[in-house]
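Welcome! Please take a moment to look over the sequence and the model before trying the exercises.

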Amino acid sequence: MRAAEAINIEDLRTLARRRLPRMVFDYIDGGAEDEQTLRRSVDRFCDYEWVWNSLVDVSAIRTQTQVFGQPSAQPFFVSPTAASRLFHPMQGELATARAAQAACVPYSVSTLASHTIEDIAKAAPTIPKIIQVYVWKDRGLVRDFLARAKAAGYTGCVLTVDATVAGHRERDPRNGFSIPPSVNFKTATQVLARPGYLFDLARSSKIGPANFQGVDTGGRDVMGVINELFDRTMTWKDAEWMAQEWGGPFAVKGISTAEDARKAVDSGASVVWLSNHGGRQIDTSVPVVDLVPEVRAAVTDRIEVIADGGVRRGSHVLKLIAQGATSVALGRACLFGLAAGGESGVTRALEILAADVARLLALLGVPDVKDLDGRLLRLRL
């Protein structure tokens, strides 16, 4: 099966597993500690069940929404994920950007991208682009990075606040994982078992944080960069400083409480982003789908609420929207596609979810996604 033949995200996950060395696949697929949050984020969607409207004209389905105040053809967009060339060494973020461009959905680019933000912007010139940042200890580095993003045409900025310390992702040390991948006694059999990936890796440049090539990372991998170079003293004053420095649509990502949502808005955020970092930080955290209503109630209608976590189907997207999210960010769904087939794989992931969303809106008797709310959801007891 090729990526273009996949009928759901699980098919793309299967293809990604076949193509990637185990250590790389597990980096996408794994979570923190016992991976309870990773599993529950997906499974919890099943506890919310639909009722529907009957005899509604659904001859025209409207899926458009806004992300950071900019138009999106779908109620979802591409979430920032670090070092995407790890999953597709030849193209990485460029493949994802082109797929997002074709789907007319925004793309949020990671601080730790493996292509420069300028090259990524050129690959997707007309869609809204959002830059994701952490607070580095060197504030001058952050200021320069934001200035580059503005110059390259990025219209939104998101500060991730749930990764000042890297979560304990146990698959990675067990597999001997590193970025860039290192072929040694522990990893050689994994890499040699995937000759296509090894060939692509050999033909491509070294994978690393392309936007900080002048920064001394001491040879650290991504987790090492987080633990050593990101600022653990970060407070809401830093969020306020960054919102002012950016001066445009601004989000705080990694929120989990109504109180912090209000603090984010008070600090200058126009977007509140609920996330558990894909289950990769705090294990046994509450599934995001349960958190959306209280956060939506805590902020005004003019504040966008973005949610992510465990999304594998269009029904998951719409359950988050019904709970009160303005839009939904996609992480692993796009990464499985990227690993499975590069640009065509990401395109297929977005096509699958777009078809799911349109079909379900018609079945629910809700022709416009903006009219979907919690009245059609029931929580199974």
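Two short exercises with worked solutions follow.

This is a predicted model, where local features need pLDDT of at least 70, side-chain atom pairs count only at pLDDT 80 or more, and totals for chains, interfaces and linings use all residues. Residues are numbered from 1 along each chain as its sequence is written, and side-chain values use heavy atoms, with hydrogens and water left out.

**Exercise 1.** Find the strands that pair with S6, and decide whether the residues of S6 are buried or exposed (buried: under 20% relative accessible area, exposed: over 50%, partly exposed in between; 1.4 Å probe, protein chains only).

*Solution.*
1. Locate strand S6 at residues 129–133; helices (H or I, at least four residues) and strands (E, at least two) are DSSP runs, numbered from the N terminus.
2. Check burial: 5 of its 5 residues are buried. Lys129, Ile131 and Val133 point one way, while Ile130 and Gln132 point the other.
3. Look for partners, remembering that pairing needs at least two DSSP bridges. S5 (residues 107–109) runs parallel to S6 over 3 bridges, and S7 (residues 156–160) does so over 4.
4. Focus on Ile131: Val109 is its bridge partner in S5, and Cys157 stands opposite in S7.

**Exercise 2.** Name the residues with the most contacts inside the largest nonpolar core (buried Ala, Val, Leu, Ile, Met, Phe, Trp, Tyr and Cys residues joined through side-chain atoms within 4.5 Å).

*Solution.*
1. This core holds 110 residues.
2. Those with the most contacts are Leu12, Phe76, Ile131, Leu320 and Leu372.
3. Helix H16 (residues 343–364) supplies the largest share, 10 residues.
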